[in-house]
Amino acid sequence: MQNADAYYLYDEAVILENLRVLTQTFPNFRFFYSAKTNPNPHILKTLIKNDCGIDAASSGEVRLAVKHGLTPDKISYSAPGKTDEDIRYSLPRSRVVADSLGELSRIDRIAGELGEKFEIGIRINPPFGMDSIFGVSSQFGIDYESLGEMPNLSNVSITSIHTHIQSQNLGWETLAGYYENVLSLAREMKKAGFTIETVNLGSGCGIVYDDEMQSPLDMESLGSAVRKLTEKYADVSRDLIIEPGRYIVGKAGVFRTRILDKKVSRGKTYLIASGGMNGFLRPAIANIAKLYGHVNRGAEPLISCGNPCKITVLNDLEDTETVTITGNLCSGFDVFARDISLPKAEVGDFIEFSNAGSYACTLSLREFASQPKVREFFRTVDGEVLE
Ligand SMILES: Cc1ncc(COP(=O)(O)O)c(C=O)c1O
């Protein structure tokens, strides 16, 4: 890591601990890691070695999962707007999840062209919200009320359903209520004649970004609610999946950047660092949202809250000063933090940002201004650092 001015560091031990907590909370579930969260190859390898499947949001992620040796029963491919090519590649290699009635017909046609029968899933846009009794209009999934308009299918059979309506929930009762609503919906579908072998409940488990404003999800209470639900709905399916992303990796990553310059402009002290919006975009986007009055409301996966990370200086100084930390792009919005109190830092010191394991590296503007690409490192449980 010595030569890197800006880099991510992911910690395998934290990833494994988060996975252990999830396994305790959702016993007998299968976990399909949401690869778009952070597709770093070391992270994928660790999770796959620990029995996770992959939730793929594109045929590119199906490809990644195949490259890591996963078989079709451990890859779920759900995304709106699949091309014929996406479908042709993914049908034999994953469980393709149809996102609309039109897409369902297209998947059936392409399966026919491939000359094989495939089991597929459908994503349902449910008639309820995470914590409301109303469904919403959405580009995702097939409206529950439209299931009566299913096309005739000759080459595929629907054997699983998938739902996902909201990420970053910190209330266990909200999540438990949502799971119950989905399982009850699946039971209704079975009664109506659908074959449902697998229920994929999507994601939803959130993490604390802002220690002062948020409290952690109570995994013990969630776990006991989940155990009761799996007993109550044992007739619906024995193959239950969740597809977490941030819960596994969000807090397992930090972003570090070296201070390249320090200056005072009209009374304000600036620390100018490497890899702003082109390295770790999320703090800059949260700052922009604040400027437009969008305080503490999420716009996932770009914005989770107003203060998405804790910022520390990697030195031993105790004296503090008020600083604005910026990146080195030609944009006045390339700002990590404004007017915060930090231990005194000098050119060459590193600043560390927490909560950088999910929706971080991949979301950043890595091509912008032809700056050097931010690097990614992975510390194994044995303390080895891999790039
Ligand atoms: C369909 C689906 N599954 C899983 C996830 C992962 O969510 P999270 O990272 O909040 O766990 C997302 C995130 O947007 C999603 O859209």
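These exercises work through the ligand site, the pocket, the cavity and two backbone features of a predicted model.

**Exercise 1. The ligand shell**

Task: Find how many residues surround the ligand, and sort them by class.

Solution:
- Start with the count. The ligand is surrounded by 14 residues.
- Pick out the closest. They are S203, E243, G245, R246 and Y359.
- Sort by class. The shell holds seven polar residues, five charged ones and two nonpolar ones.

**Exercise 2. Polar contacts and cover**

Task: Check the distances from the side chains of D55, E243 and Y359 to the ligand against a cut-off of 3.5 Å for N or O pairs.

Solution:
- Take D55. One of its polar side-chain atoms is 3.3 Å from a ligand nitrogen. With the cut-off at 3.5 Å, this pair therefore counts as a polar contact.
- Take E243. Here a polar side-chain atom lies 2.7 Å from a nitrogen atom of the ligand.
- Take Y359. An N or O atom in its side chain is 2.5 Å from an oxygen atom of the ligand.
- Add the cover. On its own the ligand has 390 Å² of accessible area, and the protein covers 89% of that.

**Exercise 3. The pocket that holds the ligand**

Task: State where the ligand sits, then describe that site by volume and lining.

Solution:
- Place the ligand. It sits in the largest pocket.
- Give the volume. The largest pocket has about 930 Å³.
- Go to the lining. It has 41 residues, and H164, I165, Q166, S167 and E300 are the closest to the pocket centre.
- Split the lining by class. There are 20 polar, 14 nonpolar and seven charged residues.
- Trace the lining to elements. Strand β6, residues 118-125, gives the largest share, with three residues.

**Exercise 4. The cavity**

Task: Which residues line the largest cavity, and which element gives the most to the lining?

Solution:
- Search the whole structure. One cavity of 30 Å³ or more turns up.
- Give the space. The largest cavity holds about 30 Å³.
- List the lining. It is made of F26, F29, Y179, L183, V226, L229 and T230.
- Assign helices. α6 (172-191) and α7 (219-232) each supply at least two lining residues. α7 gives the most, with three.
- Split by class. Six lining residues are nonpolar, one is polar and none is charged.

**Exercise 5. Two backbone features**

Task: Locate the cis peptide bond and the non-glycine residue R266 with positive phi.

Solution:
- Find the cis bond. It joins E300 and P301, with omega at about 0 degrees.
- Place P301. It lies in the loop between α9 (281-291) and β13 (311-313).
- Link back to the pocket. E300 is also among the residues closest to the centre of the largest pocket.
- Turn to R266. Its phi is positive, about 45 degrees, although R266 is not a glycine.
- Place R266. It is in the loop between β11 (253-265) and β12 (268-273).

Conventions:
Residues numbered from 1 in each chain as written. Predicted model: local features only at pLDDT ≥ 70, side-chain atom pairs only at ≥ 80, totals over all residues. Heavy atoms only, no water. Near = heavy atom within 4 Å. Polar contact = N/O pair within 3.5 Å; in protein donor to acceptor, adjacent residues only side chain to side chain. Areas by Shrake-Rupley, 256 points an atom, 1.4 Å probe, with all protein chains shown as cover. 1 Å grid on protein atoms, 1.4 Å probe; cavity = no way out; pocket = protein on both sides within 12 Å on 5 of 7 lines; lining within 4 Å. Sits in = over half its atoms within 2 Å of the grid points. Nonpolar A, V, L, I, M, F, W, Y, C, P; charged D, E, K, R; others polar. Points joined across faces, edges and corners; volume = space filled by probe spheres on them. Helix = DSSP H or I, 4+ residues; strand = E, 2+ residues; numbered from the N terminus.
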